[in-house]
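Subject: Structure for you to look at

Dear colleague,

I am handing over the structure below, and I would be glad if you could open it and keep it in view while you read. My notes follow directly after it.

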Amino acid sequence: MQNNILAVPFRKGAHLSMSSAIRQYISTKYDQHPNMFSQDLEVIDALRRDAINVRESHPTGVGRLQAYAGQLVWIGGKFPIDIGADFTWYPALGYNTERPIIHNNLKFELANILYNLSALYSQLAITSNRSTTDGLKTAASYFSQSAGVLTHLKNEVIPELRTTPPEDMDEHTLDSLIKLQLAQAQECFWQKAVMDGYKDASIAKLAAKVSDLYNEAGEAAMRSEAISSSWIHHMSAKHHHFAAAAQYRAACDCLEKRKYGEEVARLRDAVACVSEGLKETRGGYLHKTVVDDLNGLKRRVEEDLKRAERDNDVIYLNPVPPKSELKVLDRANMAIVRIPPQVSTPLDYLSEKGEFGTPLFTKLVPYSVHIAVSIYEERRDRLVNQNIIAELETLNERIHEILSSLNLPGSLQVFEKPLGLPGTLVQHAEEIRQADALHRLQRGFADIDKLRAVDLAQFEEGKNLLQAEEEEDLQLRRKYGTSRWLRPESRSEPNQGAKLWDQATDAEGWFANSASSDGVVRDKFHSIEPILAVLAGPDRGLLDFVPSSRRTEIPETLKPAIGRLRTAYNNTARLEGRHRRKAESLREKARSDDIKSDILAEAARLERAHTVATAIVPAHFEDFFEKRLDKLYEPDLELVQEEGSEQEKIVTELIRVNREFESQKKMAGDKGNREREQALQKLENAYYKYKELISNAEAGRKFYNDLSRIIGGFRDGARSFAAERRREAHMLEDELNMPPLNNLSLGGQQSRVQSAQPPANTWNSGSGYQGQPPQPQPPPSQNSFMPPPPTQPRHDPMEAHIQSWAPAGETVAPQPQPPRANPMQAVWNPGVGIKFSNTPPPPPASGGPTGNGGNSNAGSAAQLDSRPVSGTWDRNSAIRFG
């Protein structure tokens, strides 16, 4: 089998029981029992098991991967993205292929399945019989579909991942893989054209496009952290190879057209291109087949160049144009991105007789429907509470303000009931007593304080997690520097960080505003608390609070004015009661507004009508929401406008009649009723303020209950974000702390190399770097290093097995490398200390010569070494090992 093209390797997935996570989620989040879906749970486990076990390049694997991917897209509309299953996958490319990546994310699972589908198409292309034209067409089709799946993965799935993609799925890596698959598809078309005997000009156009695609793949690979050096060298070699092949075919076309000078120029450029390609063979990165192809092309081009130069110099004598004057070759692009329809529109293949079978969990209410129901209920409650009920309450508050300013009904009750307590006051007092008003309000305020404390504690916990993560990231950024610690800061992290910090800022504003509102409500309560205590007390306390009038009979001149005022006041009171009853009926109407059955019917209609190309999302119900809200609550909105207009008329009449009453009262010489009127009015005002406080307390309790859900989500999001960032930081730290690659032995124990001759240049601690004969080594017993191992033949480190194109058992001969300088000539023993330059040197061999030969530099070094040893290290002195 040829090995001059590359295949995308499979990602390895770990087995897990997806049905367990789905069962748990259904039982906790849905009002349906998971046993209703036992068969679907078994099917989803079987589909995943078959999909992750696809490891061989067999066409049956395509259907398995496509079917599971299609069901994942479908159930993405039934369940949230974080369903509770920790999907574990191992990268296929890069230097961390043994480090698992774990995400509770359905989109992450789908991304891995589509990646393996692309890998399968790529490997099916390689296993095709490319020695025939039909096999080449099949291989080109597989490569194009592989590029199509990768394109779909990059454009449609990765943006919805909600987390940082793995390094072998980032933008640059996917770009490189897409271009690589297209380059290899174009290469198949080029090879087919050669086999079919196309004209040289056409073949040159195909080869030029192959060269361009390999060049684009290599440039993207250089920006990727996952593409290995062997692949980059392969792409570069292929780029130069097909550039040379294109010029060679163009030269053949020139020969046919008798353009002998241009033929020579293009052959020379072909030789230059193929020579550049052969430079990539250094280091043993290329497969033997690729090297043989380059060498074979080079021999052929050089032979033709010799012949062309000889013929042109002797016979044709055509001028040879420089390369800059050569016409740029045209391109013929045959390789295009082909996204399989089973990948782009998988829902079209889900049916009882469809290719992927019956869609799973069809009887389960889609998760998007649950979200849509929540959106509708929130929108309905906002419409009812803010646009209707709040307006009615505002109208009633306006009525109470006007009545209080007119001293009504106190001014009427003074004349109608000059002695004892008015009937309405007795009713209000009895209502206050039965409701236990004071304790009810105090309990409401205490509940609000507890709810606020719980919400505030959750918020502080979430904010502290964000601040701690931000501080950890800042410390690591200071430790490694911004040039190495390249991940975004917490507040600017695009997936979750920025959103969470914005939520924290919003929450602080909510708490500040709610604290101000709570203070206003408490002040209102404290202002009426003494009066409420009187209303809640016995009737004797009320009688003591309300003095009797001195005049027990109504003057005849006041009776008509009092009757008109009573009528106007009763009309106003009836209007206020009607507003209150309407608000209660609207609350009951909103509580009974159950949309679930209707929205399920709408969801079924959308699925049947195929009006959506993807899974149903809440946005598809917008029109349905608007029509339903208009139908149910538009009459109530119109009623509010009518009530406002009617109230203006009634209030205007009340003010006019009250003005006449006050005028008649002054003419009648009203005296002795002022104190009773003020007392009755205080009690009446306290009663209405109590009603407002009850409404305020209920609103506060609801506010903090709703806020609890939001803050709880914020805290949970902060927890997951901090945990993910810490895990990401640990991985990044491990990568930054890894030793240089040239110190790693990936292919087994590397034998250490000992040079036969020591270097001519040595480091002298006293006089610096000098060119001088080497000094003899001291005995091993006095050396601070371990004795050198026996001299062995030098072996280069083996290339990492990552992305290796070499089949198992095949040995690729490494290219010779220049020996690495090793001035130490020994291996450091960590058990032995470090000797500094002012440490006394070891004694020379017994009576033997020092080997310095009278060298002055050596003598000066000896004098420096004879200096007394101080207790601290002199930083101006060098460090000497040995």
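Asp200 is buried, and Arg249 is buried as well. These two residues form a salt bridge with each other, in which the closest N and O atoms are 2.8 Å apart. The pair connects distant parts of the chain, since Asp200 belongs to helix α7 (residues 200–222) while Arg249 belongs to helix α8 (residues 229–256), and the two are 49 residues apart. Please bear in mind, here and in everything that follows, that this is a predicted model.

A further link of this kind is found between Glu263 and Arg307, whose side chains meet in a salt bridge with an N to O distance of 3.0 Å. Here too distant parts of the chain are linked, with Glu263 in helix α9 (residues 260–279) and Arg307 in helix α10 (residues 288–316), 44 residues apart. Is each partner buried or partly exposed? Glu263 has a relative accessibility of 3% and therefore counts as buried, because the cut-off for that word is under 20%. Arg307, in turn, has a relative accessible area of 23%, so that this residue is partly exposed.

The next pair is Lys524 and Glu692, whose side chains meet in a salt bridge at 3.4 Å, again taken from N to O. Because Lys524 lies in helix α16 (residues 497–536) and Glu692 in helix α21 (residues 674–736), this pair ties together parts that are 168 residues apart in sequence. Lys524 is partly exposed, with a relative accessible area of 23%, and Glu692 counts as partly exposed at 23% relative accessibility.

Salt bridges can also join into a network, as you will see if you select Glu469, Asp473, Arg477, Arg487, Arg725 and Glu728, which are linked in this way. The count for the model comes to 59 salt bridges.

Let me turn now to the nonpolar cores. The largest of them holds 119 residues, and the members that touch the most other members are Met18, Ile22, Phe79 and Phe361. Helix α4 (residues 106–127) supplies the largest share of this core, namely 14 residues. There is also a second, separate core of 46 residues, which includes Leu565, Leu654, Ala679 and Leu683.

To see the surroundings of one residue, you could select Met18 and leave aside residues up to four places away in sequence; among the residues that Met18 then touches are Ile44, Tyr68, Leu72, Phe87 and Leu106, as well as the charged residues Asp45 and Arg48.

With best wishes

Note on methods. Residues numbered from 1 in each chain as written. Predicted model: local features only at pLDDT ≥ 70, side-chain atom pairs only at ≥ 80, totals over all residues. Heavy atoms only, no water. Core = buried A, V, L, I, M, F, W, Y, C linked by side-chain atoms within 4.5 Å. Buried < 20%, exposed > 50% of the residue type's maximum accessible area, 1.4 Å probe, protein only. Helix = DSSP H or I, 4+ residues; strand = E, 2+ residues; numbered from the N terminus. Contact = heavy atoms within 4.5 Å. Salt bridge = Lys/Arg side-chain N within 4 Å of Asp/Glu carboxyl O.
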